[in-house]
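The points below concern the contacts between chains. They are offered as a colleague's reading, to be followed alongside the coordinates.

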Amino acid sequence: MFMGYSLGEIGSIFAMQAFAGLILFSVFVLMALGLAIIFGQMGVINMAHGEFMILGAYMTFLTSHLFQTYAPQAFAGYFFVAMLVAFVASGAIGLAVEWLLIKRLYKRPLDTLLATWGLSLIMQQAFRSIFGAREVGVQLPDWMMGSLQVTDTIEVQINGLFVMTLTLMITAVVALLLFRSRWGLQVRAVVANRVMADAAGIDTRRIDRLTFGLGCGIAGIAGSAFTMIGSTSPTAGQAYIVDTFLVVVFGGAQSLLGTIASAFTISQSQSTLEFFLTGSMAKVTTLLIVIGLLMLRPQGLFVLKVRK
Amino acid sequence: MPNNTDFVLAVEGVSVSFDGFKAVNDLSLYIDKGELRVIIGPNGAGKTTVLDLICGRTRATEGAISFKNQYIGGLKEHEIVKLGIGRKFQTPSIYEDLTVFENLEISFPRGRNVTGALFWKRSEEIIARVQEVARMIFLGDHIDRLAETLSHGQKQWLEIGMLLIQDPELLMLDEPVAGMSVSERRKTAELLKEIIKNRSVIVIEHDMKFVESIAHRVTVLHQGKVLAEGSMEAIQANPKVQEVYLGH
Amino acid sequence: MSLEKRPNGLESPLRRKLLLGTAAASVASLLPPRAWADAFPTAQVNTTGLAVTDIDVTVGILHSVTGTMAISETGSVEAEKLAIDQINASGGVLGRKIKFIQEDGASDWPTFAEKAKKLLVNDKCASVMGCWTSASRKAVLPVFEQYNGMLYYPTFYEGLEQSKNVIYTGQEATQQIIAGLNWVEKEKGAKTFYLLGSDYIWPRTSNKIARKHIENVLKLKVVGEEYFPLGHTQFNSVINKMKLTKPDVIYAIIVGGSNVAFYKQLKAAGIDLSKQTLMTISVTEDEIDGIGGENIAGAFACMKYFESLDNSNNKAFVSAFHKMWGDKTVIGDVTQAAYLGPWLWKLTVEKAGSFDIDKIAAASPGVEFKGAPEGYVRIHENHHLWSKTRVGRARTDGQYDVIYETADLMEPDPFPKGYQ
Amino acid sequence: MSQSLTKNRNIELIGFAILAVLLVVVLPLSLDIFRLNLIGKYLTYAFVAVGLVACWGYTGILSLGQGVFFGLGGYCMAMFLKLEASSVANTKIQSTPGIPDFMDWNQLTELPFFWVPFKSLPLALIAVILVPSLAAFILGVAMFKRRVGGVYFAIITQALAAVLTILIIGRQGYTGGINGITDLRTLLGWDIRTDHAKYILYFVCCAALFGSMFLVRFVLASKLGRILVAVRDTEERVRFSGYDVANFKVFVFCLASAIAAIGGAMFTLQVGFMSPSFVGIVPSIEMVIFCAVGGRQSIIGAVVGTLLVNWGKTLFSESFPELWLFFMGGLFIAVVLLFPRGLAGLVTDQLLPWIGRLSGGRRQVAAAGSAPAPAPAE
């Protein structure tokens, strides 16, 4: 017996907490992936990342309405269309933002941080003006709600499985793009040595723009997926900022693997702590642990050791 | 291996690796008092890494480095500087937003802690010394100019001046004439000859003409190891060296 | 226009005495508006320099139009404007039209204090309808006490407060909680409770009262109690805990965006609210808009007002509200309470026969509003309202079915003995 | 830029004088106490902005958590005032009289130990400076000795702001929670809520602000100030000039934090309460905006920028609440993109040369011959 639970219950606790942790992990990866690509490959901190996610969520909301009005029979599958719309919308705005704003600030990382914060304010107000200040509810197809009964005490949530699958797929696609495609090769070349890549005939400007657009697009997909578990309101994006940044920074800027590992560490510790402490204290403890670890390993979990 | 007071600097059996790649491999190097040593070698031979190791910028994975018989392997950069080792970087590294005077003033080896800097007084002695050094580095007439408005060569000199005013016992220069015009090179060579009178100097250089004009002894690095060491003539005659350079 | 200094034939001592009596309001209401205002000369009804003229009176509206709280406070602003409109249409207050000055608290507490001060000091507002969160009320309270203003505060809140300068038109915690717990014990045979809340004073205080009531009065058991930072969106861990402890009742006081995440995750985790009893005191029709009716259908909410309430007052109110603000708007508990503010103030002023703050503060206890959408309310000595408490069950269309209401008005008790 | 400090010393002194006349003479004479009290509130943010000039503008350390220090200073002050307001006589209706009301609501029956020193004004005043400085020192040493800088530092300070907010809200029995510490009344028996007191506090705030500005100016004009610029531009070189860079960063970070804390304490005194909403991420970044708009490298600019942005906020939010965020966001992007040196940069680069041209040929040559504006910090 432990804390009043029987052994069997403890087994179930661990199974379900592990699953809850995995969902949180997927959520973190999904949130952080876009940011990690942008920060890792370009050194740009995008403070409007949360707003790009919310843009994706609003696109999902719009798509669901369109389907309800014009194609109610296809509603069950609208979510896939919505994710595509979210990706395209966020990605397109990302491209525009890169072209108008980011490309002028590449050598001033702290200033991009501030400028994108300004952008986030504008996006928030735009959401408010267009969609209203209240939260909007996104209706999900029925098949995405509910859970699968594995044993008497263990249940697995369908939308959790969906988020996990989605995360797995997107991560795989990004990894393939980065390590197998020509674009990925060029990106890695630019990261390794921008001047050299430029000299070798790589259009670094174009690579930057694509990278930024892709990062924002993935944020859009993440936002779309978040309508399943979170709220959609003009300021909801801000709630994700700190978590997302810490995941990326903790993982080490230039490593996809690092981002994943750090998302795993943070999500598992948070979900475990949540079980034994209350929600607030679990959050504080997790953040403090991450800050503490960052002081010990300032460059993050995974970083290439290179000559400076 | 010798480890006696004759050497200003003793680098013994030092190795360092980056992600498995051994940039410096079991390298040993001894510098005498008053010696001017030139290190040459093809790209990637580990020249700059050797300087990084000595001045504390990179930590050695193995081996020992001592300065005047004091082990300096674990010290931080500023502590090594305070012991008397000065370092010039490959690309000019100066304070662009400050004037020439202020650049030299900051480098003056006094008032280096927070309170010292806060209550710093510009005494006659300091002003005189700054002006003296400025004249030495051919910038006597530019003392109030912002450093960023200087020409490339002048920036290189300013950085040398900043080291000079520290009055280090060991001076390390990474490609001091890179990007200089012919006349600037000549002036720099004169400057170096002036400087080395009362200290030891390590120079990394590619320009063989320049090396010939200043060197006492030359060390050739190749793939993180010492390939050869000796006088300029001996090195030039060394078949291994010829092979490395021509082979590239 | 400049009628202020016109000598007034009605100023005989006898007449004044007659008009200032408690019968004044009913007598006056028989007169046409113009004569009504004449019957109450400005110099008499306004002895402290408030913004009252012979033809109009200025009040303040102080809510967040921008920032995170704008979501919640919009409904209150709309209700207050509707009430002011209706009062003006029916002849105003003591024959004077109500003008309002609206200020934005911007979801920022010092801004609330700053604007409250502006409304009282610069604009001399005769009363202020405003605030939503406890924090904003706490920030403006010293301002109202210092400059002697009158605030009508609409939100259900934690209690532990009472001021001469505030009328609390929402319920304080015990009114909302005790009736609901009694009902759930009786009707659902609940034995065990799991208390949840967002991490700030209202949920914590409310859960404290709930726990005391459950353990000391009902002699039942609390099997868990937990709080989450505002804006928290991950509830899987606590859902797991609840699956293991299997409480008869989940008692949830979660606010804002967290609500959406909580109910969606609850549903996704297979907790069926038609089987599992969940009671909330924080989800009004406004919140359901964001949560999505399908995610919360079946949950019980315990508060004093639901839009679906079936009485003639409410039907008139709901249709007027929709006419003014559109058919899509929903009306939650706080919106209705905000609607009470201007009306209660009007009734109190007419009872006191004066706009003076001290007089209306003293006249407030006992003021009744029979036209309240929730039915009937009366101001208590402690400046809170006597009101009925109701339990509603959420439908998929975002409305509640009212399934229970207390037989009597619940007495407000902001400092409940035995619950502190 | 430090050259511009020495060269433009006269201009700077004139700027100080104009600002002083504006704040101490013009505004008190032309505004009613309500508006003046608002200005006083804005000025408390200017403390943070002045600190950021030293920390961010000169040294290149961007802290997105200055609200933490502003808040700590404000809370230290508020704790003292709250204890004074919670005398046994004032709180006799509580179950435990003599402790702050929110503690009583949370079933605390005695004053927590860390509140006890705040019964004494001298100790509270010391704490106003010491607690935030100590926090900054610990953070600074941990970060700068490990050479964490730039974006990493910004994000970690931001996370700290989030942590402190959650802590204050979550531990409401000890901190007053989300409502903050409210209903502060007297300072050693002197009622701080009267108009008369507000006038006096306004002038105290001005005096403290000018004191802080001169302190920062003294620091930045010393050799230490030039070292800070050097650290910003070429940190490595400074190490090789024999300086322990981390110590300098810790120093300037502590300085900025201590000044922010004084601002927080002045805020509490003038506004009459303190709440966690000044500690979090959003206020912290807004304070950076104030500094950036005024000019991140100009002490006067930071103060003027703070006043202008807040005045604009009050004005806009009264008339066009919808547009305010658009304006604020646009302003921020414009400043970063087009005027990295803010208003102060516009004045020194555009306005002054223009005046120079107007007032005669000789000066024109002098102005044209002066050093071009340095590039913004990278």
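**Note on the chain interfaces**

1. In this predicted model, the interface between chains A and C brings 38 residues of chain A into contact with 32 residues of chain C. On the chain A side, at least two residues apiece come from helix 1 (7-42), strand 2 (155-157), helix 5 (158-180), helix 10 (256-276) and helix 11 (279-296). Helix 1 of chain A gives the largest share of that side, eight residues.

2. The composition of this surface also deserves mention. Sorted by class, the side of chain A that touches chain C holds 17 polar, 15 nonpolar and six charged residues.

3. How does this pairing rank among the others? Five pairs of chains are in contact, and of these, chains A and C share the most contacts.

4. A second interface joins chains D and B, where 26 residues of chain D are in contact with 30 residues of chain B. Helix 1 (2-7), helix 10 (223-240) and helix 11 (245-271) of chain D each provide at least two residues of the side that touches chain B. The largest share, 12 residues, is supplied by helix 10 of chain D. By class, the side of chain D that touches chain B comprises 12 nonpolar, seven polar and seven charged residues.

5. Which distance separates the closest C-alpha atoms of chain B and chain C? These atoms lie 38 Å apart, and no contact joins the two chains.

Technical notes
Residues are numbered from 1 along each chain as its sequence is written. Chains are lettered from A and ligands numbered from 1 in the order in which they are written. This is a predicted model: local features need pLDDT of at least 70, side-chain atom pairs count only at pLDDT 80 or more; totals for chains, interfaces and linings use all residues. Two residues are in contact if their C-beta atoms, placed from the backbone, lie within 7 Å. Helices (H or I, at least four residues) and strands (E, at least two) are DSSP runs, numbered from the N terminus. Ala, Val, Leu, Ile, Met, Phe, Trp, Tyr, Cys and Pro count as nonpolar, Asp, Glu, Lys and Arg as charged, and the others, Gly among them, as polar.
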